[in-house]
Amino acid sequence: MTFTIPNQADASVPAQAAVDKVDIDMLVSGFVGSGVSTATDCAVTAQAVPDMTVAVAAGTMTVYGSGGVAVAAGNVTITTADATNPRFDLIIVSQAGVKSAIAGTPSATPVFPAITFACVCIAAVYVAAGATSIVSAAIVDKRIFTGVIGNTTCVGNMYIG
């Protein structure tokens, strides 16, 4: 699955179901061609033994017209959780294929941090107050699929053909 804003009933916490301005920015970046080539490229998952890292699968991305940027599989570290308030972190990929996390600001009502210029978001991670590990339910897929299927092009998860 790619880009998701879960329904409240499907979200592990209600804050994951809220549409954020950064969600709109992510969709717009897909319309200008930024995103993954296939549905398996750069998927972000929790570790088999959960800790404060997430696993990013290898893949190919286009980052603002940069062409096929190779992204190596690897882990991204989530910084220590705030003791009192939750936050959202974004997992991003740069034009050089470097993956990293942008930590959000802890708040009773957290919002996404701004995405760094020339980077594409591939996941949002809900970091609960006092969390010591990141589980699957805390990760929401934010990858935009921009592949080509036969004679049909997919841009921003919309098929044009």
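D23 is buried, with a relative accessible area of 0%; buried means under 20% relative accessible area, exposed over 50%, and partly exposed in between, with a 1.4 Å probe and protein chains only. The side chain of D23 meets that of K142 in a salt bridge, at 2.7 Å from N to O. The term salt bridge stands for a side-chain nitrogen of Lys or Arg within 4 Å of a carboxyl oxygen of Asp or Glu. The pair links distant parts of the chain, as D23 lies in helix α1 and K142 in the loop between β10 (139-141) and β11 (148-149), 119 residues apart. K142 counts as buried too, at 2% relative accessibility.

This is a predicted model, in which local features need pLDDT of at least 70 and side-chain atom pairs count only at pLDDT 80 or more, while totals for chains, interfaces and linings use all residues. Residues are numbered from 1 along each chain as its sequence is written, and side-chain values use heavy atoms, with hydrogens and water left out.

## Overall form

The protein has one helix and 13 strands. Helices (H or I, at least four residues) and strands (E, at least two) are DSSP runs, numbered from the N terminus. Along the sequence the helix comes before the strands, in the pattern α-β-β-β-β-β-β-β-β-β-β-β-β-β. The radius of gyration of the protein is 15 Å, close to the 15 Å that the globule rule gives for 161 residues, so the protein is as compact as a globular protein of that length. That radius is taken over C-alpha atoms, and the globule rule is 2.2 Å times the number of residues to the power 0.38. Taken along the principal axes, the box filled by the C-alpha atoms is roughly 50 × 30 × 30 Å.

Of the 161 residues, 48% count as buried. The accessible surface comes to about 7600 Å², and 60% of this belongs to carbon and sulfur atoms. Accessible areas come from the Shrake-Rupley method with a 1.4 Å probe; for residues, only the protein chains shown count as cover. Among contacts with a separation of 6 or more, 57% are between residues 24 or more positions apart, where contact means heavy atoms within 4.5 Å.

## Charges and salt bridges

The protein has 5 positive and 9 negative side chains, and the centres of the two sets lie 4 Å apart. Lys and Arg count as positive and Asp and Glu as negative, with His and the chain ends not counted. The place of a charge is taken as NZ of Lys, CZ of Arg, CG of Asp or CD of Glu.

The structure holds four salt bridges. The table gives some of them, including the one described at the start.

| Salt bridge | Closest N to O |
|---|---|
| D25 and K21 | 2.6 Å |
| D23 and K142 | 2.7 Å |
| D89 and R87 | 2.6 Å |

D25 and K21 both lie in helix α1 (residues 21-31), four residues apart, or about one turn of the helix. D25 counts as partly exposed at 34% relative accessibility, whereas K21 is exposed, with a relative accessible area of 57%. In the bridge between D89 and R87, D89 is buried, with a relative accessible area of 1%. Its partner R87 counts as buried at 3% relative accessibility.

## Residues with positive phi

Most residues other than glycine have a negative phi. C42 has a positive phi of about 60° although it is not a glycine. This residue sits in the loop between β1 and β2 (44-46) and is buried, with a relative accessible area of 0%. A118 is not a glycine either, and has a positive phi of about 65°. The loop between β8 (99-102) and β9 (119-127) holds A118, which is buried at a relative accessible area of 12%.

## Either side of the helix

Which residues does D20 contact, leaving aside its neighbours within four places in sequence? They are V111 and F112. D20 lies in the segment before α1 and is buried, with a relative accessible area of 14%. The C-alpha atoms of D20 and F112 are separated by 7.0 Å, with their positions 92 residues apart along the chain.

V32 lies in the loop between α1 and β1 (35-36). V32 is exposed, with a relative accessible area of 52%. From C-alpha to C-alpha, V32 and A17 are 25 Å apart in space and 15 residues apart in sequence.
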